[in-house]
Amino acid sequence: MTGLNAALERRRQRVEARLARLLPSPDDEPRLVNAAMRYALTAPGKRLRPVLTLTTAAMFGDRRMDADAVLDFACAVEMVHACSLILDDLPMMDDAALRRGRETTHLAFGESTAVLAAFGLLNRAFAIVAERGAGLRLDRYTVEDLQHHLSGAIGTAGLIGGQALDLEGRGRTVDLERLEYIHSHKTGALFICAAELGAMAADARRRDLAAVTRFAKNLGLAFQITDDLIDRDDSAVTGKDSGQDADHHTFVTLLGRDGARALASELLDFAIGSLAGLGRRADDLRVLADFVRHRRR
Ligand code: GRG
């Protein structure tokens, strides 16, 4: 993918090659749900969140690190993301027709199968963290810490909470503070979790973990703002319906395009600033921040 350096691109490809292998076979029952899980998960996404997991792990991991387990954690994060996309696209939520350049999962498989596939992916993600976490040899964290971070990121203090307030705010006036709250939860929480899982799986020092958390918090919010900026772009490039945000407040409707771009840029500068104590080890994170700054899809 353009904008990633060779190391990041390699990580993206490792995720791409692994994802489908972690799912139940499409030949096994329930075939339709298994097929829908595969359809949603393997659709051509950017894989930014799992790349973030692999990158923070690479920054802190030594020879003892279980690289295969970390890859599976990264894929588990992508499963949670794919689950959230299926649910977000449903008629009772965003009612979207196009995602990642394809029909949304509920249009391809029907709503009930799509909902079951979403929960199938979520459940699989937790199973992977439990299975793979059991083999980690960490001094500073436990497998329960990893599970706790993941469930916290998804719950009412994370994606679910952000989505709930987003839906509540439709058709109403939402101020900037509220919008930041919504998106730092709806979108930001999984970026934070992705970065933290990698750092924890590499047994990073608490101080380094805190720097990574600050980086991911700012990156996640900036990512959402750039998402709002490209919402009206050509769906042939973005792979999703354009103008999907037309009926609700976004950073662009509140700040204008220039204001939104300036805020995204400021957040990305903060994100990069959080890495000051990590030196050259954090260079790949700096590249990821620049990828978000310039992305068109
Ligand atoms: C139970 C996991 C779970 C969630 C329930 C539906 C919901 C609560 C939350 C919705 C979260 C959501 C879909 C936020 C939007 C985040 C966003 C900007 C998505 C687009 O991400 P990209 O551009 O997509 O990384 P690709 O396709 O490249 O992966």
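Author: A polar contact is a pair of N or O atoms within 3.5 Å. Keep that in mind for this predicted model.

Reader: Okay, what makes lysine 46 a polar contact of the ligand?

Author: An N or O atom in the side chain of lysine 46 sits 2.6 Å from an oxygen atom of the ligand. The cut-off is 3.5 Å, so this pair counts as a polar contact. Histidine 81 has a polar side-chain atom 2.8 Å from a ligand oxygen, and for arginine 100 the distance from a side-chain N or O atom to a ligand oxygen is 2.8 Å.

Reader: How much of the ligand's accessible area does the protein cover?

Author: On its own the ligand has 750 Å² of accessible area, and the protein covers 94% of that.

Reader: And which element gives the largest share of the shell around the ligand?

Author: That's helix 4, with seven residues. Helix 8 (159-169) and helix 11 (206-230) also give two or more residues each. By type, the shell has eight nonpolar, six polar and six charged residues.

Reader: Switching to tyrosine 141, why is this residue called buried?

Author: Its relative accessible area is 5%. Buried means under 20%, so the word fits tyrosine 141.

Reader: Where is tyrosine 141, and what does its side chain reach at 2.6 Å?

Author: Tyrosine 141 is in the loop between helix 6 (111-133) and helix 7 (143-154). Its side chain reaches the backbone oxygen of alanine 204 at 2.6 Å. Leaving out neighbours within four places in sequence, tyrosine 141 also has contacts that include Met200, Asp203 and Leu209.

How values were computed: Residues numbered from 1 in each chain as written. Predicted model: local features only at pLDDT ≥ 70, side-chain atom pairs only at ≥ 80, totals over all residues. Heavy atoms only, no water. Polar contact = N/O pair within 3.5 Å; in protein donor to acceptor, adjacent residues only side chain to side chain. Areas by Shrake-Rupley, 256 points an atom, 1.4 Å probe, with all protein chains shown as cover. Helix = DSSP H or I, 4+ residues; strand = E, 2+ residues; numbered from the N terminus. Nonpolar A, V, L, I, M, F, W, Y, C, P; charged D, E, K, R; others polar. Buried < 20%, exposed > 50% of the residue type's maximum accessible area, 1.4 Å probe, protein only. Contact = heavy atoms within 4.5 Å.
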